[in-house]
Amino acid sequence: MGANGSFANGSTALEKDRRWKTILVLKDGTKIIELKNKKGAVKLPEESHSPNSTYAIFNKDGKGVKAIAKYGSDGKKIWEIHTTDHKSLGAHYHKWKDGKPLDEEPHPLTPAMKKLLDNVSNLS
(Lines give C-alpha, C1' and ligand atoms only; values in the text may rest on other atoms or scores of the structure.)
Protein backbone atom coordinates (compact mmCIF):
# COMPACT_ATOMS: atom_id res chain seq x y z
CA MET A 1 0.00 0.00 0.00
CA GLY A 2 1.30 3.44 -0.87
CA ALA A 3 1.53 6.28 1.57
CA ASN A 4 -0.75 8.78 -0.12
CA GLY A 5 -4.21 7.85 -1.23
CA SER A 6 -7.91 7.91 -0.69
CA PHE A 7 -7.99 10.78 1.80
CA ALA A 8 -5.72 12.96 -0.30
CA ASN A 9 -6.91 15.62 -2.72
CA GLY A 10 -7.08 14.40 -6.28
CA SER A 11 -7.12 10.84 -7.50
CA THR A 12 -4.56 8.64 -5.83
CA ALA A 13 -6.65 5.48 -5.60
CA LEU A 14 -4.20 3.76 -7.95
CA GLU A 15 -0.65 3.00 -6.89
CA LYS A 16 0.75 4.56 -10.10
CA ASP A 17 -0.78 7.94 -9.10
CA ARG A 18 0.92 8.06 -5.70
CA ARG A 19 4.08 10.08 -5.09
CA TRP A 20 5.32 7.96 -2.15
CA LYS A 21 5.80 4.28 -1.50
CA THR A 22 6.02 2.39 1.77
CA ILE A 23 9.39 0.65 2.13
CA LEU A 24 9.07 -0.69 5.69
CA VAL A 25 6.47 -1.00 8.44
CA LEU A 26 7.75 -1.05 12.03
CA LYS A 27 6.28 -3.20 14.81
CA ASP A 28 4.41 -0.16 16.16
CA GLY A 29 2.81 0.40 12.72
CA THR A 30 4.96 3.39 11.72
CA LYS A 31 5.41 3.36 7.96
CA ILE A 32 8.77 4.34 6.53
CA ILE A 33 8.12 5.91 3.15
CA GLU A 34 10.13 7.38 0.32
CA LEU A 35 9.40 9.41 -2.77
CA LYS A 36 9.05 7.45 -5.98
CA ASN A 37 10.78 10.31 -7.81
CA LYS A 38 14.20 10.44 -6.14
CA LYS A 39 14.75 13.98 -7.47
CA GLY A 40 11.69 15.42 -5.69
CA ALA A 41 11.76 17.45 -2.48
CA VAL A 42 11.89 15.17 0.56
CA LYS A 43 8.73 15.79 2.55
CA LEU A 44 5.83 13.86 3.98
CA PRO A 45 2.38 13.80 2.40
CA GLU A 46 -0.11 16.38 3.66
CA GLU A 47 -2.72 13.62 4.02
CA SER A 48 -2.52 9.91 4.72
CA HIS A 49 -3.89 7.01 2.73
CA SER A 50 -4.43 5.16 6.01
CA PRO A 51 -6.32 6.76 8.92
CA ASN A 52 -4.65 6.99 12.34
CA SER A 53 -1.21 6.30 10.93
CA THR A 54 2.35 7.51 11.44
CA TYR A 55 4.76 8.06 8.54
CA ALA A 56 8.49 8.71 8.60
CA ILE A 57 10.83 9.75 5.81
CA PHE A 58 14.63 9.83 5.65
CA ASN A 59 16.89 12.45 4.10
CA LYS A 60 17.70 12.06 0.38
CA ASP A 61 21.01 10.35 1.13
CA GLY A 62 19.18 7.84 3.35
CA LYS A 63 21.09 8.98 6.41
CA GLY A 64 19.06 10.40 9.24
CA VAL A 65 15.37 11.00 9.70
CA LYS A 66 14.00 14.04 7.87
CA ALA A 67 10.50 14.05 9.41
CA ILE A 68 7.83 11.97 11.15
CA ALA A 69 4.11 12.78 11.12
CA LYS A 70 1.00 11.50 12.87
CA TYR A 71 -2.27 11.47 10.93
CA GLY A 72 -5.79 11.37 12.39
CA SER A 73 -8.93 9.39 11.59
CA ASP A 74 -9.68 11.77 8.71
CA GLY A 75 -6.22 11.16 7.20
CA LYS A 76 -5.04 14.69 7.99
CA LYS A 77 -1.81 15.52 9.77
CA ILE A 78 -2.03 16.12 13.55
CA TRP A 79 1.65 16.89 14.13
CA GLU A 80 4.97 16.66 12.34
CA ILE A 81 8.42 16.16 13.86
CA HIS A 82 11.31 17.97 12.17
CA THR A 83 14.88 16.96 12.88
CA THR A 84 16.50 20.16 11.62
CA ASP A 85 17.24 22.72 14.31
CA HIS A 86 14.71 25.51 14.74
CA LYS A 87 15.13 28.18 17.40
CA SER A 88 17.80 26.08 19.17
CA LEU A 89 15.34 23.27 19.98
CA GLY A 90 17.03 20.61 17.89
CA ALA A 91 14.42 18.03 16.92
CA HIS A 92 10.97 19.54 17.50
CA TYR A 93 7.38 19.30 16.29
CA HIS A 94 4.69 21.48 14.79
CA LYS A 95 0.97 21.06 15.40
CA TRP A 96 -1.39 20.70 12.42
CA LYS A 97 -5.15 20.99 12.01
CA ASP A 98 -7.36 20.51 8.97
CA GLY A 99 -4.36 19.84 6.76
CA LYS A 100 -2.44 23.00 7.68
CA PRO A 101 0.19 23.95 10.28
CA LEU A 102 -1.45 25.67 13.26
CA ASP A 103 1.46 28.01 13.83
CA GLU A 104 5.09 28.56 12.99
CA GLU A 105 6.25 28.01 16.55
CA PRO A 106 8.19 24.81 17.17
CA HIS A 107 7.39 22.72 20.25
CA PRO A 108 9.79 20.49 22.23
CA LEU A 109 9.28 16.77 21.64
CA THR A 110 7.21 14.84 24.16
CA PRO A 111 8.81 11.71 25.69
CA ALA A 112 6.70 9.52 23.38
CA MET A 113 7.85 11.53 20.34
CA LYS A 114 11.49 11.22 21.43
CA LYS A 115 11.08 7.45 21.71
CA LEU A 116 9.47 7.27 18.27
CA LEU A 117 12.27 9.38 16.75
CA ASP A 118 14.90 7.17 18.41
CA ASN A 119 13.24 4.01 17.08
CA VAL A 120 13.12 5.35 13.54
CA SER A 121 16.62 6.87 13.76
CA ASN A 122 18.07 3.49 14.69
CA LEU A 123 17.11 2.22 11.22
CA SER A 124 19.46 4.53 9.33
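**Close-up of I23 in strand 1.** I23 is partly exposed, with a relative accessible area of 45%; partly exposed is the range between buried (under 20% relative accessible area) and exposed (over 50%), found with a 1.4 Å probe and protein chains only. This is a predicted model, in which local features need pLDDT of at least 70 and side-chain atom pairs count only at pLDDT 80 or more, while totals for chains, interfaces and linings use all residues. Residues are numbered from 1 along each chain as its sequence is written, and side-chain values use heavy atoms, leaving out hydrogens and water. I23 belongs to strand 1, which covers residues 20–25. Among the residues that touch I23 is E34, the subject of the next view.

**Close-up of E34 and its contacts.** E34 is part of strand 2, which spans 31–35. Its relative accessibility is 21%, so E34 counts as partly exposed. When neighbours within four places in sequence are set aside, E34 is in contact (heavy atoms within 4.5 Å) with R19, W20, K21, I23 and I57. L24 lies 10 residues from E34 along the chain, and the C-alpha atoms of the two are 9.8 Å apart.

**Close-up of T30 in the loop before strand 2.** T30 sits in the loop that joins strand 1 to strand 2. Is this residue, T30, buried or exposed? T30 is buried, because its relative accessible area is 2%. Residues up to four places away in sequence are not counted among its partners, yet T30 still touches L24, V25, T54, A56, L116 and V120. Of these partners, L24 and V25 fall in the range of strand 1 (residues 20–25), and T54 and A56 fall in that of strand 3 (54–58).

**Close-up of N52, a residue with positive phi.** Most residues other than glycine have a negative phi. What is the phi of N52? Phi of N52 is near 55°, a positive value, and N52 is not a glycine. N52 is placed in the loop between strand 2 and strand 3.

**Close-up of D98, also with positive phi.** D98 is not a glycine, and its phi is positive at about 55°. The loop that holds D98 lies between strand 6 (92–97) and strand 7 (100–101). D98 is exposed, since its relative accessible area is 54%.

**The whole chain, as context for the close-ups.** The chain has one helix and eight strands; helices (H or I, at least four residues) and strands (E, at least two) are DSSP runs, numbered from the N terminus. In sequence order the pattern is β-β-β-β-β-β-β-β-α, with the helix coming after the strands. The chain has 124 residues, and 40% of them count as buried; T30, at 2%, is one of the buried residues. Among contacts with a separation of 6 or more, 33% are between residues 24 or more positions apart. About 7,100 Å² of the chain is exposed, and carbon and sulfur atoms supply 53% of that area. Accessible areas come from the Shrake-Rupley method with a 1.4 Å probe, and for residues only the protein chains shown count as cover.
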